[in-house]
Amino acid sequence: MTTGVTFPRVASSEWVKFRSLQSTPITVTAALAGMIGLGWLTCALNADRWPVMTAQSRARLEPTALSIQGYVLVQLAFGVLGVLVVSGEYTTGQIRSTFAAVPTRTPVLGAKAAVFAAVTFVVGEVAAFAAFLGGQAFLSSQDIETSLAEPGVFRAVAGVGLYLTGIGLFGVALGWLVRHTAGAIAALVALVMVVPGLASVLPESWVPHVVPYLPSNAGQALITVRPSALSLAPWTGFAWFCGYVVVALVAAAVVLKRRDA
Amino acid sequence: MIEARAVSKHYGGRTAVDGATFTVVPGAVTGFLGPNGAGKSTTIRMIMGLDAPTSGSVTVNGKAYAGHAAPLREVGALLEAKAVHPGRSAYHHLLALALTTGIPRRRVEEVLDLVGLTGVAHQRAGGFSLGMGQRLGMAAALLGDPATLILDEPVNGLDPQGILWIRTLLRRLAAEGRTVFVSSHLMSEMALTADHLVVIGRGRVIAETSVREFIDRASADVVRVRTPRAAELRELLTGPGIDVTSTAPGLLEVHGVGSAEIGLLACRHAIPLEELAPVQASLEEAFMELTDDALEYRVHETEGHPA
């Protein structure tokens, strides 16, 4: 038997670590339930109100967005879980054991990212399709449902898993960069929720050059069927989003190599 | 084998370790002794590659720690403070470590058994007592069956049985030919466990010696003599370098002459001796003497000032 640290071995170690904490299945289950529950509930309520809706409201109703809007909550859950996967090691001292086993460190970063990406992608896709299909079933009572065959719908629904994976990886990168749970979560919330809001107060001439390129806005272009005037094209936006994630992870790796553990 | 070559670590303006050079050899327990804040933990963190030295180098078995393909098989470490996520069971903690290096699951069960944690292997480590935590740390250190063990204050917080267990384990590991490097601020503990000593104070290596030599060197070579004819004996004990003091009637403390000579002298003059004992400085005293100037956090006796 060959002995030594290899990436697949570190990844299997990280998988054991990930699943052996009680908080993990709880968070993942809650995220899944939240995504599906919120989508179904909103669709059911809208189907219910459809007969009394104004024409304007009816025109605004977008059946795909309605069913997958739970991602707004899930992105926070996955982002926070991503932070905790890393900051939890620093706050408990576990990181010293981890780096004693893998002193080159970067395989740990890579393995944590890979394991977490795999989990968030699978859970995100399952949640998105379940939310979508169930939501459309509620909407079909008023014949206002859409289907995966309609233009852009499959891309938007499948995109939810990709987007959530990216946000989760942002959380992981912030965990490495900040190392403290509270600070990293604050940075995550600022990135995903505060910055897009602040950007709207920019001088009007700047808005089209800034707002679409913000990480969360760029990523959300992929999961929108009816884009706003400010949206980037779906895959262009997602490419920007992936670029930010990669930059964050690379920055984390550089810092990780240099800092004392 | 651990070799530190002029290794230094500065944190901002503060010097934690200052040009430390020492060698830790296999087949013996080497104590790493120093008062709190002397730089023991920082040195150990540098050996383990957790902190990068500001200058100098440390190698383990000939290579920088991070240069080993299977570090856990080279070095087992018990680091100060629990290095365990409290939400994970002892079993999963060890399994996760073992998997990184391809150490089989069977070995995880073996070390759990070795440290006596099999019964609580599936309980959360957060609920462990300090002693159980130290045992889990020892299990992690032994996981890769390493030739070198580095233990930072392993007896801290242990009950007498735990201390005895660690002591016996360390002696056994050294007897198996392993390099055992144990830090402690407890001189008495080192006197019982260690063969060699690396003494550190204020980041500097003050002494690198065997425990025997360390005590001998620091011992003032005093012989205690109890006799009913003290005054008479005192008269006889004169000569260059000989100094006799008396702290109680019938009791002499003799500097500068060996106990054999005193015995012979007394015999020749038919002076009965009730006690004739070389007084050995304890490791504690020797240590205090050596590190007196090197204490970072000295307790000053201050007089109360009226407000």
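In this predicted model, Arg105(A) sits in the loop that links α6 and α7 (106-139) of chain A. Its phi angle comes out near 70 degrees, a positive value in a residue that is not glycine. Is this loop residue buried or exposed? Counting neighbours settles the matter: 20 other C-beta atoms lie within 10 Å of Arg105(A), and 20 or more is what a residue needs to count as buried. Arg105(A) is therefore buried.

Chain B has a residue to set beside it. Ala270(B) is found in the loop between α10 (259-268) and β13 (275-279) of chain B, and its phi is near 55 degrees, again a positive value in a residue other than glycine. Here the neighbour count is 7 other C-beta atoms within 10 Å. A count of 12 or fewer makes a residue exposed, so Ala270(B) is exposed.

Next come the helices of chain A. Two packed helices are described by the angle between their axes and the distance between the axes. For α1(A) and α7(A), the angle is about 55 degrees and the axes are 8 Å apart. The two helices are therefore oblique to each other, and α1(A) passes α7(A) in a right-handed crossing. On the α1(A) side, the residues that meet α7(A) are Phe7(A), Val10(A), Ala11(A), Glu14(A), Trp15(A) and Phe18(A). Their partners in α7(A) include Pro107(A), Val108(A), Gly110(A), Lys112(A) and Val119(A). Sorted by class, this contact has eleven nonpolar, one polar and two charged residues.

A second pair gives another picture. Helix α8 (residues 153-178) of chain A and helix α12 (residues 234-258) of chain A have axes that come within 9 Å and cross at roughly 20 degrees. Angles under 35 degrees count as roughly parallel, so that is the label for α8(A) and α12(A). The crossing of α8(A) past α12(A) is left-handed. Among the residues that make this contact are Leu162(A), Gly166(A), Phe170(A) and Trp176(A) of α8(A), along with Phe238(A), Cys242(A), Val245(A) and Leu249(A) of α12(A). The class tally for α8(A) with α12(A) is 17 nonpolar, one polar and one charged residues.

What about the place where the two chains touch? Chain A puts 30 residues into the contact and chain B puts in 32 residues. On the chain A side, the elements that give two or more residues are α1 (7-19), α5 (71-92) and α6 (94-101). That side of chain A is made up of eleven nonpolar, 14 polar and five charged residues. Helix α1(A) thus turns up in two roles: it packs with α7(A), and it contributes to the side that touches chain B.

Two loop residues of chain B show the meeting of the chains up close. Gly49(B) lies in the loop between α1 (40-47) and β4 (55-60) of chain B. Leaving out residues up to four places away in sequence, Gly49(B) touches Pro103(A), Ala64(B), Tyr65(B) and Ala66(B). With 24 other C-beta atoms within 10 Å, Gly49(B) is buried. Its C-alpha atom is separated by 28 Å from that of Arg106(B), 57 residues apart along the chain. Ala66(B) belongs to the loop between β4 and α2 (71-74) of chain B. Outside its sequence neighbours within four places, Ala66(B) is in contact with Pro103(A), Thr104(A) and Gly49(B). Pro103(A) is thus a partner of Gly49(B) and of Ala66(B). Ala66(B) is partly exposed, with 16 other C-beta atoms within 10 Å. From Ala66(B) to Leu50(B), 16 residues apart in sequence, the C-alpha to C-alpha distance is 9.3 Å.

Chain B as a whole comes to eleven helices and 13 strands. Of its 307 residues, 42% count as buried. Among its contacts between residues at least 6 apart in sequence, 70% join residues at least 24 apart.

Which residues have the most contacts inside the largest nonpolar core? That core has 147 residues, and the answer is Leu94(B), Ala139(B) and Leu143(B). Beyond its neighbours within four places in sequence, Leu143(B) is in contact with residues including Leu72(B), Leu94(B), Ile103(B) and Val111(B). There is also a second, separate core of eight residues, with Leu233(B), Leu237(B), Leu252(B) and Val254(B) among them.

Conventions: Residues are numbered from 1 along each chain as its sequence is written. Chains are lettered from A and ligands numbered from 1 in the order in which they are written. This is a predicted model: local features need pLDDT of at least 70, side-chain atom pairs count only at pLDDT 80 or more; totals for chains, interfaces and linings use all residues. Axes are lines fitted to C-alpha atoms, for helices over the stretch in contact, and angles run from 0 to 180 degrees between N-to-C directions. Helices (H or I, at least four residues) and strands (E, at least two) are DSSP runs, numbered from the N terminus. Angles under 35 degrees count as roughly parallel, over 145 as roughly antiparallel, 65 to 115 as roughly perpendicular and the rest as oblique. A crossing is left-handed if the near helix is turned anticlockwise from the far one by less than a right angle, and right-handed if clockwise. Two residues are in contact if their C-beta atoms, placed from the backbone, lie within 7 Å. Ala, Val, Leu, Ile, Met, Phe, Trp, Tyr, Cys and Pro count as nonpolar, Asp, Glu, Lys and Arg as charged, and the others, Gly among them, as polar. A nonpolar core is a set of buried Ala, Val, Leu, Ile, Met, Phe, Trp, Tyr and Cys residues joined through C-beta atoms within 7 Å.
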